[in-house]
Amino acid sequence: MRISFLGGGNMATALIGGMLERGFAGADIQVVDLQAESRERLASRFSVRAVGEIDDALLACDVLVLAVKPQQMKAALAPIAGRLAQQVVVSIAAGLRIADMGRWLGGYSRIVRAMPNTPALIGAGVTGLYADPSVDAAGRAAAERVLAAVGSTAWIGDEAQMDAVTAVSGSGPAYVFHFIEALEAAGVSLGFDGATARRLAIDTVLGAAKLAAGSEESPAVLRERVTSKGGTTEAALKSMAESGFFDTIVRAVAAAEVRGRELGDQLGQG
């Protein structure tokens, strides 16, 4: 399978590295990027073809990954409008809808939207995927194979839910980092030095996540098992409940989803 990347930033780099680790050949991967420094870095690190402009060789691929910033997508697609045949186009640009990208590509529809999150940079991401109905099973499998190189994948049945994917898992790492910040700050306030507080906070979140991932029980059940009646955990959770912690998270994710739809409207103009 031949894969071409339009854009060679951090996520493209993570995907290329992950694919090579999973048996893809460097000779089957090529990248176009306007920055000479990026091209040199990719070619040196991965032994892939890296060029500064789109050519016929770049478009002679099975999967074309759109890895440019959403605000740059319309201009980036202009040189390839009307030049695609049966390639599966995979967009990892947040917010951009298939109809808009298809219009910019001259009416092309074999497009898959993908929303990986930043843990993909270390091979621990999760990616939501939605395919236009014109993408067949082989095309979906090809797209999934590329994104599975950096973590787990989940197919979404309705494109409108991609904004929710962005809100839950795309933005989700920031929520977790913010919780780690707060837990670290609490540790410092209780007398720990910063390094110790950070280690306690990070390893607690990491261990709890691993426990949840490996358990058949729900997070609610796992929480209950840690919470002894009249104990320290119950006191902490009661304080969280009084502060509206749970509802705050739900409202925050809803706000992110609304903003995602707004950005889709703005970015798809023209």
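This passage walks through the N-terminal strands and helices of a predicted model, along with the nonpolar cores.

The strand layout comes first. Strands β1 and β2 run parallel and are joined by 4 bridges, with I3 sitting opposite I29 of β2. Together with the helix α1, these two strands form a β-α-β unit, and the unit is right-handed. The pattern carries on with β2 and β3, which pair in the parallel sense over 3 bridges; here V31 stands opposite A50 in β3. To get from β2 to β3 the chain goes through α2, and this crossover is right-handed as well.

What about the two faces of β2: are they covered or open? Both are covered, with I29 and V31 buried on one side and Q30 and V32 buried on the other. In a regular strand, side chains alternate between the two faces of the sheet.

Helix α1 covers residues 10-21. Its 12 residues reach 17 Å from the first C-alpha to the last, close to the 16 Å expected at 1.5 Å a residue. Most of the helix is covered, as 9 of the 12 residues are buried. The buried stretch is made up of M11, A12, T13, A14, L15, I16, G17, G18 and M19. As for packing partners, the buried residues of α1 pack against the strands β1 (3-6), β2 (29-32) and β4 (63-66), and also against the helices α2 (36-46) and α6 (137-147). Just after α1 comes G23, whose phi is positive at about 100°.

That packing ties in with the nonpolar core. The largest such core has 32 residues, and F5, L15, I16, M19 and V90 are the ones touching the most other members. Helix α1 gives the most to this core, contributing 6 residues. M19 is a handy residue to look at: with neighbours within four places in sequence left aside, M19 is in contact with I3, F5, F24, I29, V146 and A149. Apart from this core lies another one of 30 residues, including A76, A93, I111 and Y130.

One backbone detail is left, at S47. This residue is not a glycine, yet S47 takes a positive phi of about 60°. Where does S47 sit? The place of S47 is the loop between α2 and β3 (49-51). And why does S47 count as exposed? S47 counts as exposed because its relative accessibility is 58%, and the cut-off for exposed is over 50%.

Definitions and conventions: Residues numbered from 1 in each chain as written. Predicted model: local features only at pLDDT ≥ 70, side-chain atom pairs only at ≥ 80, totals over all residues. Heavy atoms only, no water. Core = buried A, V, L, I, M, F, W, Y, C linked by side-chain atoms within 4.5 Å. Buried < 20%, exposed > 50% of the residue type's maximum accessible area, 1.4 Å probe, protein only. Contact = heavy atoms within 4.5 Å. Expected span 1.5 Å × (residues − 1). Pairing = 2+ DSSP bridges. Right-handed = clockwise from strand over helix to strand, strands pointing away.
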